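Student: Please take a close, unhurried look with me at one part of this model, following the chain of contacts and pairings step by step. I would also like each term explained when it comes up.

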Amino acid sequence: MVQTQTGRSQPDPLDRGYYLDRDCTTLSRHVLQQLKSFGPDAQDISALMNRIGLAGKLIARRLSRAGLVEGTLGFTGDVNVQGEEVKQMDLYSNAVFISTFKQSGLVCRLASEEMEKPYYIPENCPIGRYTLLYDPLDGSSNLDVNLNVGSIFAIRQQEGDDEDGAALDLLQHGRKQLAAGYILYGPSTLLVYSIGTGVHSFTLDPSLGEFILAQENITVPEHGPVYSVNEGNFWQWDESFRDYARYVHRHEGYTARYSGALVGDIHRILCQGGVFLYPGTAKKPEGKLRLLYESAPMAFLMEQAGGRASTGTQDILDVIPEKLHQRTPLVIGSKEDVALVESFIQDRKRRDSEG
Ligand code: P6P
């Protein structure tokens with residue numbers, strides 16, 4: 001490493017060893033390094049993360065030619081369990097995860113935003129006792145205008161045999177997650193993950209066909225300038241969220257950034273600090289974002305990065321879902337900025353109770 005003029009240490013461009021070693025730090029190797037183990041459980045998680053990487057590569061490949069390949073843009077004409085119009089790429093991405101994990105031998109069940117019920121892979125049970133929860137292509141409405149989209153994933157241990165297919169063991173708090181992360185399909189394809197030993201990012205090197213370690217132990221700043229929210233919903237929000245919006249409008253040092261795709265918006269917060277929020281609205285008082293495969297994985301990551309994630313009144317990771325596709329309000333990002341949003345909720349509650 002060499003010192004820059006600003007005193008920061010950075011890799012020595014002449015140190016070929018550093019770059020070769022970095023290029024050899026693939027996802028599966030990194031997981032084993034993080035777990036400091038080559039035991040069966042570590043090998044399982046390493047293999048699962050490798051499969052996530054494969055799914056990301058397959059989706060990234062198709063996205064890179066979206067306008068050129070038949071059946072990649074536009075809608076299928078169906079509506080999914082969320083009541084949302086299904087995009088061609090939503091179906092393709094969902095199928096990619098199913099195919100990728102069918103062959104994994106590790107995953108018994110896949111629970112997806114795109115499927116009302118979990119998808120079972122009996123041949124993988126009882127050897128593989130894991131469940132993959134995922135949003136195969138988050139923010140797919142950005143696709144037709146070539147803006148960033150993402151995949152979100154979480155891995156949980158299957159508990160019990162789930163013989164009746166009710167998947168009740170999935171209805172547990174987010175601290176049961178073994179691994180969580182996202183793939184951001186942007187100018188480059190990034191895979192960001194945590195297995196509870198910090199947050200690490202990998203960049204897809206198309207020339208190698210590998211995700212290569214880019215940054216280890218990412219920490220979110222305690223405070224940041226960005227607030228990310230769809231202010232088009234302002235008049236549908238609870239007064240406390242309006243109070244917060246008025247505060248950031250009237251105080252220097254804040255900047256609004258909102259892409260309409262959760263993965264890109266949260267990645268910006270992870271890198272620069274600040275807060276992303278999707279409050280409940282008059283139409284959707286429980287919020288829009290799903291708990292088990294959007295908010296809980298993101299909350300796992302953000303806490304691992306030193307940030308926070310709450311509903312506004314309760315930590316996301318403590319919420320116990322009552323149904324697979326349960327939605328939740330979400331306030332996530334830098335500790336100080338999440339606390340600021342929560343303070344407006346507490347103030348409003350106090351004022352309402354004082355009458
Ligand atoms: P709105 C995409 O549909 C998504 O689920 C998230 O990726 C995103 O943060 C949110 O919805 C955007 O919702 O109502 O602002 O368009």
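Tutor: A residue is near a molecule if one of its heavy atoms lies within 4 Å of it. There are 13 residues around the ligand, and those that come nearest are Asp138, Asn230, Tyr258, Leu262 and Tyr278. This is a predicted model, in which local features need pLDDT of at least 70 and side-chain atom pairs pLDDT 80 or more, while totals for chains, interfaces and linings use all residues. Residues are numbered from 1 along each chain, and side-chain values use heavy atoms, without hydrogens and water.

Three of the ligand's neighbours make polar contacts (pairs of N or O atoms within 3.5 Å). Tyrosine 258 has a side-chain N or O atom 2.5 Å from an oxygen atom of the ligand, tyrosine 278 places a polar side-chain atom 2.6 Å from a ligand oxygen, and for asparagine 230 the corresponding distance is 2.9 Å.

Turning to the sheet, its eight strands (DSSP runs of E, at least two residues) follow the order β6-β5-β7-β8-β9-β10-β11-β12, and the sheet is open, with mixed pairing (at least two DSSP bridges per pair). At its edges stand β6 (119–120) and β12 (210–215), each of which pairs on one side only.

Within the sheet, β8 (residues 149–157) and β9 (residues 177–185) run antiparallel and are joined by eight bridges, with valine 149 of the one standing opposite tyrosine 185 of the other. Further along, β10 pairs with β11 in the antiparallel sense over four bridges, and here tyrosine 193 has histidine 200 in β11 as its bridge partner. The hairpin of these two strands, β10 and β11, has five residues between them, and glycine 196 takes a positive phi near 95 degrees there.

From β11 the pairing continues to β12, again antiparallel, over five bridges, and phenylalanine 202 finds its bridge partner in leucine 213 of β12. The hairpin of β11 and β12 has four residues between the strands, and in its turn glycine 209 has a positive phi of about 70 degrees.

One residue shows how a strand position can be surrounded: threonine 189 belongs to strand β10. Its relative accessibility is 12%, so threonine 189 counts as buried (under 20%). Leaving out residues up to four places away in sequence, threonine 189 touches (heavy atoms within 4.5 Å) Ala60, Ile183, Leu184, Phe202, Thr203, Leu204 and Phe211. Phe202, listed among these contacts, is also the residue bridged to leucine 213.

Terms used
Buried means under 20% relative accessible area, exposed over 50%, partly exposed in between (1.4 Å probe, protein chains only). A polar contact is a pair of N or O atoms within 3.5 Å; within protein, one must be able to donate a hydrogen and the other to accept it, and residues adjacent in sequence count only if both atoms are side-chain atoms.
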